[in-house]
Every structure is written in structure tokens, then in C-alpha cells.
Amino acid sequence: MKTSNKMNRRRFLHTSSALGVGLTFGLQNIHGSIAQNNKKAAILGGPKAFNATWPGWPIVGRAEEDELLKVLKSGQWCRLGSKTVPRYEREFEKITSAKFALATSSGSTALTSMLGALDIGPGDEVIIPPYTFIATYNVITQNYALPIFVDVDIESFQIDASKIEDAITTSTKVMMPVHIGGSPFDVDAVLDIAKKHNIPMIEDACQAHLAEWKGKCVGNFGLGGAFSMQASKNLNSGEGGTIITNDEDFYNKCYGFHHQGQNTDSASLEPGSGIRGSNLRLTEFQAAILLAQMTRLEEQVKRRSENADYLTQLFNEIDGITPAKLYDGTTRSAYHLYMFRYDEKMFSDMSRSKFIKALNAEGIPCYGGYTSLSKNPYVRNLAKNKHYLNVYGEKTMNDWLERNECPQNDKLTQEAVWFGQTMLLGTKRNMEQIAEAVKKISRDSKAISML
Ligand SMILES: Cc1ncc(COP(=O)(O)O)c(C=O)c1O
């Protein structure tokens with residue numbers, strides 16, 4: 001797609017000022033784009049399709065300094081009896097339209113607190129997708145419960161809801177699907193099954209800040225939803241997490257679990273509460289950073305979404321590149337990742353790793369993403385873990401290895417390619433540069449394959 005330089009510059013100045021991206025960055029982009037017409041792929045010695053710097057992360061300004069200094073000077077650095085974490089929680093409730101938000105020390109501990117509130121333990125099975133970060137799996141094994149993988153829908157990269165019922169047994173205590181990449185899984189389909197079998201659903205929305213299903217923020221559909229505020233995430237305080245829920249009883253249980261089993265800020269043990277727990281609290285400093293980061297969140301979500309839609313439009317014109325499908329109910333993806341499948345047959349049998357190398361040479365950072373969890377030795381070794389053998393026995397654990405086979409996921413992990421969320425904070429022109437790079441590689445694929 002061709003656009004005039006004048007147009008590019010106007011568009012860049014408009015978008016860069018909205019995000020506070022430097023002017024030098026934009027001008028370099030403009031020159032980078034002029035240089036591209038009919039040039040060789042960079043891996044073959046041609047010029048890079050993108051010869052500048054992608055937006056950095058995190059984006060920091062005066063708001064972070066002001067909020068942090070307030071906490072520093074207040075001398076109140078812990079949430080108990082203090083006000084910054086609660087202020088952040090009320091803001092998070094507002095932007096997600098949830099009744100309750102609870103800040104936790106990480107996305108993992110947000111999930112752990114929800115599993116704790118549901119009293120998940122040895123003997124229980126938890127349904128998850130295999131295309132996810134290992135934390136989704138680890139929070140289950142921490143409780144000596146059994147993670148049960150349900151294969152993915154390769155088109156969307158999300159859990160295949162049509163396969164969930166086959167995985168349900170009398171031991172299934174909760175479903176924990178993941179909005180992977182920040183795009184909603186098929187919420188209606190999963191909820192129908194959860195309701196039919198009377199099994200609670202909790203959402204791993206760790207990558208999906210402000211993603212929406214039918215106009216409502218994800219995390220609101222299950223009993224609760226967990227978000228991560230770890231450094232790479234679209235809302236970031238280095239480490240951090242948040243639970244949202246619309247169920248007061250569940251909120252109180254989660255609060256108790258994240259605060260040593262106590263359901264108030266009091267440090268004294270309440271007799272007979274029966275809740276397990278630990279210290280999984282967020283600090284006042286992290287809440288201060290989150291409050292500042294949140295002032296830019298909506299604008300960033302919009303920017304990522306617009307750029308991702310445009311990139312999908314451009315990629316749809318390239319044979320062998322298939323962007324992850326969004327389900328019909330998706331009214332907004334958070335695009336923590338831009339994910340697509342690469343078909344090497346359409347690129348002269350060039351391997352995915354060579355394609356990634358060629359794109360990197362063009363100045364376009366990209367990755368192959370997750371490897372297959374069900375084939376991962378770390379995961380498979382669970383079948384030999386002495387505690388698991390004690391609780392479940394050898395036959396159940398061997399069956400578990402078989403139950404967890406996910407052929408579609410194995411295929412997906414061989415074909416997937418990702419761009420990180422910060423690239424989607426670039427300009428519309430940058431999306432064109434990405435597409436131009438892929439087109440160059442496609443055109444020169446025979447020569448690149450022979451390298
Ligand atoms: C899908 C998913 N679940 C859970 C987590 C865990 O979050 P945290 O790293 O904040 O513990 C992450 C973090 O990357 C994630 O991507």
C-alpha cells in the first residue's frame with residue numbers, strides 16, 4: 001500500500017504527540033519508508049524495512065514521579081490502613097465496571113488467591129488451555145491439583161470450547177480459560193458449558209487489560225478474573241496483579257487468602273475463619289505507579305487496537321500469513337501480543353526460524369512464542385512427582401499424560417509468530433513497514449531459503 005510522504009508525516013505528528021513518542025523517531029520512519037521500494041530483503045543485503053527505534057516500554061512521566069513521591073513522603077508503604085492501594089482498586093473497578101477489585105502482588109498470586117478462595121487442592125482438576133504462559137499451569141500444581149489441558153482452536157489461538165465437555169470429570173472443580181494475547185476466548189461458549197455442568201469459571205485475563213466481550217471488560221464474566229501488572233504487561237508496575245469480581249462473598253474470600261487468611265486489615269487471627277492464606281499484598285509504591293500508568297491506558301488500548309486492525313488488513317493480503325481470528329463477541333482486544341500463523345509452504349519452504357531471522361534483519365522484532373506445554377519435560381515430570389504419585393497414583397498420572405495430548409496446540413506452537421504490544425504503539429506507517437518487510441521476504445523467499 002502506498003501513501004504520500006506528506007500524509008505519513010501528518011499522520012505521524014498527530015499520533016506521536018498523542019503518545020509522547022519523539023520526533024526523531026518519526027522522521028527516521030519516514031526516511032525508512034522511502035527507501036523500501038523494490039529493494040532486496042535485508043537478510044540478503046538490502047536495506048531494512050524499519051530503520052528506527054520502536055516505542056520503548058514502560059512509558060513514564062511526571063505523573064509517576066508525583067504519585068511515587070506522595071507515597072515515599074507519607075511513610076506509609078504497606079496497604080494496611082493506608083490509601084493508595086484502595087484508591088487504585090477503586091479506579092480499576094471504574095475502568096473495568098467491576099463491583100470489586102483486589103490488588104495482589106502479581107498475576108500469579110491473583111490466580112492463586114482465586115484458587116485459594118475456591119479451596120482448590122489435591123484431588124481436584126482444573127481445566128486450562130495449553131497455549132499459555134507457564135504461570136497458568138504453575139498456580140494449579142502449587143496446590144497439588146491436576147491441570148487438565150483442553151486443546152486450542154488453532155484459528156484463534158484460544159481454548160477450543162467445543163472440546164471442554166470431553167475433559168470434564170467428577171473431579172473437575174474449576175475452569176480457568178485464558179484470554180491469550182489479550183484477545184477474548186469464546187466467552188459465551190465457555191460460560192454455557194460452565195453453567196450446564198455447574199462448574200465455576202475464573203478468567204486468566206493476565207494479558208487482557210480492558211479487552212471487551214460484547215462491550216463488557218473481560219474478567220467480569222466468570223466468578224472472578226485475574227490481571228497481571230508485571231513489567232511486560234499493558235498496565236505495568238514492575239510486578240503486580242489484580243482480581244476483579246462481582247461477587248461479594250468471593251471478593252471477601254480472595255481478600256482473606258491474599259492477607260494471611262484474615263478478611264479485614266486487622267493483623268490478629270480471626271478464630272474459626274477456616275481460610276488458608278499468605279501475604280500476597282501489593283505495596284503502596286506499586287499502586288502509585290499503576291495509578292499514574294492508568295492515565296494513559298485507554299489511549300494506548302485504542303492505539304494498539306487501531307494499529308492491529310490495520311496490520312490484519314495488510315496481512316490478509318499476504319499468502320501464508322494468517323492473523324489470529326477474533327471471535328464474533330469480541331468488541332475489543334487488548335493486543336498484548338499480535339499473533340499470527342506462518343505457513344512455510346507459501347514461503348518456498350523457508351523454516352519459521354529463518355522467517356523470524358529475516359524479519360529481525362528488517363528491523364522488525366518478532367518471536368515464535370510458546371512451545372508445547374504438554375511436550376515440555378518440566379510439565380511431563382509432574383507424572384513422576386512423589387506427592388502427585390501419593391495423591392493420584394501411577395495409573396492416573398500416566399493417563400494424565402495421555403489426556404493432556406494437544407495435537408492442535410503442537411501444530412500451533414510450530415507455526416505461531418508474535419509481535420510485542422509496544423510495536424502496536426507505533427504509527428500506522430510502521431504497520432505498513434511491517435507488511436512491506438513480510439512482502440519482501442515472501443518475494444525473496446527462494447533465495448532466503450537457500451542461505
Ligand atoms: C497468561 C498469563 N497468566 C498468568 C501470568 C502470571 O502473571 P505474573 O507474571 O504477574 O505473575 C502471566 C504473566 O505473564 C500470563 O501471561
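**Close-up 1. Thr-295 sits in helix 10.** In this predicted model, helix 10 covers residues 284-315, and that is where you'll find Thr-295. Is Thr-295 buried or exposed? Neither label quite fits: Thr-295 is partly exposed, because 13 other C-beta atoms lie within 10 Å, whereas 20 or more would make a residue buried and 12 or fewer would make it exposed. Now look for Ala-63. Along the sequence, Thr-295 and Ala-63 are 232 residues apart, yet in space their C-alpha atoms are 8.5 Å apart.

**Close-up 2. Helix 6 has several buried residues.** Helix 6 runs over residues 134-141. Ala-135, Thr-136 and Tyr-137 are buried there, and so are Val-139 and Ile-140. What covers these buried residues of helix 6? The cover includes two helices, helix 5 (107-117) and helix 12 (377-380). It also includes strand 2 (125-128), strand 3 (146-149) and strand 7 (202-204).

**Close-up 3. A shell of 14 residues surrounds the ligand.** The closest of them are Ser-106, Gly-107, Ser-108, Ala-135 and Ser-228. You've already met Ala-135 as one of the buried residues of helix 6. Which helices each supply at least two residues of the shell? Helix 5 and helix 6 do. Sorted by type, the shell has nine polar residues, four nonpolar ones and one charged one.

**Close-up 4. Three strands make an open sheet.** Read across the sheet and the strand order is 3-2-6, with parallel pairing. Strand 3 and strand 6 (172-175) are the edge strands, each pairing on one side only. On average, neighbouring strands in this sheet are turned by 30° against each other, ignoring direction. As a general point, strands of a sheet pair through backbone hydrogen bonds, either parallel or antiparallel.

**Close-up 5. Strand 2 and strand 6 run side by side in parallel.** How many bridges join strand 2 to strand 6? There are three. Zoom in on Glu-125 and you'll see Thr-172 of strand 6 standing opposite.

**Close-up 6. Zooming back out, the chain has 451 residues.** Its secondary structure comes to 17 helices and 15 strands. Of the residues in the chain, 47% count as buried. Take the contacts with a sequence separation of 6 or more: 71% of them are between residues 24 or more positions apart.

Technical notes:
Residues are numbered from 1 along each chain as its sequence is written. This is a predicted model: local features need pLDDT of at least 70, side-chain atom pairs count only at pLDDT 80 or more; totals for chains, interfaces and linings use all residues. Helices (H or I, at least four residues) and strands (E, at least two) are DSSP runs, numbered from the N terminus. Two residues are in contact if their C-beta atoms, placed from the backbone, lie within 7 Å. A residue is near a molecule or strand if its C-beta atom, placed from the backbone, lies within 6 Å of it. Ala, Val, Leu, Ile, Met, Phe, Trp, Tyr, Cys and Pro count as nonpolar, Asp, Glu, Lys and Arg as charged, and the others, Gly among them, as polar. Two strands pair if DSSP finds at least two bridges between them. Axes are lines fitted to C-alpha atoms, for helices over the stretch in contact, and angles run from 0 to 180 degrees between N-to-C directions.
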